[in-house]
Amino acid sequence: MTTGTPAPTARRRSSARNLVPLGMAVWLVLEIWLLTLVAGAAGGLTVLALLIAGGIGGAVVIKRAGRRAFRNLTETLQQAQAGKSPAPGTSTGSTGNGFLMLGGLLLMLPGLISDVAGLLLLLPAVRSALGRHTERSLERRMRAAAPGSLGDAFQQARIHRPDGKVVQGEVIRQDATQPPRGYEDDGQRPPLTP
């Protein structure tokens with residue numbers, strides 16, 4: 001006997017939810033295979049020394065990047081307290097800290113493929129190219145965001161000033177023929193608090 005209600009449909013999984021676990025499994029198998037190849041050719045102690053050196057090197061890189069990020073933050077706060085603002089288009093040098101820390105993390109992970117990827121992220125040219133690509137990709141996604149989505153909220157909340165500063169806020173547009181809600185058009189301003 002049917003009741004006339006449609007059968008519930010299962011949600012379709014996104015391709016990222018399908019591909020990420022598969023990609024991680026392939027990456028782990030490749031890491032283990034490469035470690036066994038190197039261990040067979042150079043010996044187990046060599047592989048152990050490489051893994052320990054990668055862990056120590058990654059920890060040093062993360063520590064230096066963290067110190068540099070903290071130093072940039074304190075310099076920026078000191079400039080803000082002094083009333084100075086950086087010139088438009090100038091950078092404080094903190095743009096590559098995230099990728100530098102990611103490179104250190106990849107060095108700390110056991111495996112030779114992750115070590116190579118971490119070493120590539122230590123190169124300034126690779127970090128700047130990856131940063132430009134990431135910034136363009138994020139800007140493109142934010143422009144294409146559907147109304148009411150999270151990307152649209154970020155786009156609405158970011159207003160760029162000519163001096164390069166970003167002002168957080170929300171723009172509310174009203175029809176020009178209607179007076180603003182909340183008060184009559186008697187020349188007085190609305191109260192700031194309800």
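Which residue takes a positive phi just after helix 1? The residue is glycine 43, with a phi of about 110°. The model described here is predicted, and the account below moves from the overall fold to helix 1, helix 4, helix 3 and helix 5.

The protein contains six helices and two strands. Along the sequence these elements follow the pattern α-α-α-α-α-α-β-β, with the helices preceding the strands. Of the 194 residues, 13% count as buried. Among contacts with a separation of 6 or more, 51% are made by residues 24 or more positions apart. The average pLDDT of the protein is 78, and 62% of the residues score at least 70. Confidence varies between elements: the mean is highest in helix 4, at 93, and lowest in strand 1 (residues 158–160), at 54.

Helix 1 has 28 residues. The distance from its first C-alpha to its last is 40 Å, close to the 40 Å expected at 1.5 Å a residue. Glutamate 31 belongs to this helix, which covers residues 15–42. The glutamate is buried yet takes part in no salt bridge. Arginine 127 carries the nearest side chain of opposite charge, and it is 19 Å away. The absence of a salt bridge follows from this distance, because such a bridge requires a side-chain nitrogen of Lys or Arg within 4 Å of a carboxyl oxygen of Asp or Glu. The side chain of glutamate 31 instead reaches a backbone atom, the nitrogen of serine 114, at 2.9 Å. Apart from neighbours within four places in sequence, glutamate 31 is in contact with Pro110, Gly111, Leu112, Ile113 and Ser114.

The partner residue, serine 114, lies in helix 4. Serine 114 has a relative accessibility of 2% and therefore counts as buried. Its side chain reaches the backbone oxygen of glycine 111 at 3.2 Å. When neighbours within four places are set aside, the contacts of serine 114 are Trp27, Glu31, Leu106, Leu107 and Leu109. Tryptophan 27 is 87 residues from serine 114 along the chain, while the C-alpha atoms of the two are separated by 9.1 Å.

Helix 3 (residues 97–108) has 12 residues and spans 16 Å between its first and last C-alpha atoms, close to the 16 Å expected at 1.5 Å a residue. The buried residues of this helix are Asn97, Phe99, Leu100, Gly103, Gly104, Leu106 and Leu107. Their cover includes helix 2 (44–82), helix 4 (112–121) and helix 5 (124–143). Two of these buried residues, Leu106 and Leu107, are also among the contacts of serine 114.

Asparagine 97 is a polar member of helix 3. Its relative accessible area is 5%, so asparagine 97 counts as buried. The side chains of asparagine 97 and arginine 68 are joined by a polar contact of 2.8 Å. Beyond neighbours within four places in sequence, asparagine 97 is in contact with Ala65, Arg68, Ala69 and Asn72.

Leucine 130 is placed in helix 5. Its relative accessibility of 31% is above the 20% limit for buried residues and below the 50% limit for exposed ones, so leucine 130 counts as partly exposed. Leucine 130 touches Phe99 and Leu121, residues up to four places away in sequence not being counted. Phe99 is one of the buried residues of helix 3. The C-alpha atom of leucine 130 is separated by 9.4 Å from that of glycine 96, a residue 34 positions away along the chain.

How values were computed: Residues numbered from 1 in each chain as written. Predicted model: local features only at pLDDT ≥ 70, side-chain atom pairs only at ≥ 80, totals over all residues. Heavy atoms only, no water. Helix = DSSP H or I, 4+ residues; strand = E, 2+ residues; numbered from the N terminus. Expected span 1.5 Å × (residues − 1). Buried < 20%, exposed > 50% of the residue type's maximum accessible area, 1.4 Å probe, protein only. Contact = heavy atoms within 4.5 Å. Lys, Arg positive; Asp, Glu negative; His and termini not counted. Polar contact = N/O pair within 3.5 Å; in protein donor to acceptor, adjacent residues only side chain to side chain. pLDDT = per-residue confidence, 0-100.
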